[in-house]
Amino acid sequence: MAKPPQAGFDFAGAQSLQAWEPGDWPLAPGWQAEVEGFLASDEGRRLADFLRERLAAGAVVYPPRPFRALELTPLENIHAVVLGQDPYHGPGQAEGLAFSVAPGVKLPPSLRNIFQELGVQPGSGSLVGWAQRGVLLLNTCLTVEDGQPASHARRGWEALTDRLLALVARTATPCVYLLWGTHAQAKAQLIQETAARHGREALVLQANHPSPLSARRPPAPFLGCGHFLAARAWLAARGVAPPF
């Protein structure tokens with residue numbers, strides 16, 4: 001059984017995953033049943049075996065707390081979802097939140113473009129404040145190996161994160177979904193159909209990934225997409241204070 005969130009957790013300790021012990025990773029209210037159901041499934045057991053094997057082989061795996069987004073953001077508080085692909089793969093970068101980096105870490109190019117589109121000069125690249133205000137910063141794959149992007153893709157995480165997205169879509173309302181890049185956009189149908197089936201208000205916004213490789217390219221450049229303005233206006237019209 002997962003532990004409840006711990007006040008005052010010091011994230012500045014270990015920079016990589018030390019052991020596969022999901023029962024020791026705190027979860028905010030609303031997530032436990034879905035997470036435990038996944039861990040007991042065939043996909044969950046295969047993922048556990050894979051991660052234990054990689055850790056035993058000496059692989060450096062990020063982040064230290066793969067469920068960090070689920071720790072900081074209770075299901076009932078969610079009014080926005082930012083969907084990423086997998087964690088940053090450099091030392092000290094990943095803090096378990098999509099696009100976010102630990103305090104004091106140099107901003108990656110994608111995150112710089114996010115702040116540029118937002119129109120702010122960040123003092124830190126950590127998006128913990130967003131998470132605490134109801135933005136689920138979820139990657140579709142929750143671990144990665146040092147220097148090897150997408151190294152844990154298609155190992156089972158996607159089965160869990162699809163379940164989590166479906167849970168949000170049938171529960172959270174109103175909710176904005178920011179889908180940047182083809183990998184995130186592949187989840188649009190799941191979100192839209194689930195929200196519609198359960199009568200939830202959902203705004204799905206899609207654009208290119210904020211990476212410099214695609215941020216300015218057609219057909220839907222990230223820079224200039226206006227997603228933050230649109231999300232704020234849509235939420236405000238429904239009585240929700242913008243969380244970013």
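**Group meeting: strand β5 and its surroundings**

Okay, let's start with the side chains on β5: Cys-175, Tyr-177 and Leu-179 point one way, Val-176, Leu-178 and Trp-180 point the other way, and all of them are buried. Keep in mind that this is a predicted model.

So where is that strand? β5 covers residues 175-180, and it's mostly covered up, with six of its six residues buried.

Now, who are the neighbours? Strand β2, residues 80-84, pairs with β5 in the parallel sense, over four bridges. If you want a spot to look at, find Val-82, whose bridge partner in β5 is Leu-178. Then there's strand β6, residues 202-207, which also pairs with β5 in the parallel sense, this time over six bridges. There, look for Leu-179, which stands opposite Gln-206 in β6.

Stepping back a bit, UniProt has an unreviewed entry that lists residues 71-235 as "domain: Uracil-DNA glycosylase-like". Over residues 71-235 the chain is 33% helix and 15% strand, and the C-alpha atoms at the two ends sit 24 Å apart.

Last thing, the cysteines. How many disulfides are there? The count comes to zero. Take Cys-225: the closest cysteine sulfur is the one in Cys-175, back on our strand, and because it's 17 Å away, that's too far for a bond. What about exposure? Cys-225 has 23% relative accessibility, so it counts as partly exposed. Cys-141, on the other hand, has 3% relative accessibility, so that one counts as buried, the cut-off being under 20%.

That's my tour, thanks everyone.

Key
Residues numbered from 1 in each chain as written. Predicted model: local features only at pLDDT ≥ 70, side-chain atom pairs only at ≥ 80, totals over all residues. Heavy atoms only, no water. Disulfide = S-S within 2.5 Å. Buried < 20%, exposed > 50% of the residue type's maximum accessible area, 1.4 Å probe, protein only. UniProt positions renumbered as here; feature names shortened; annotations may be inferred. Pairing = 2+ DSSP bridges.
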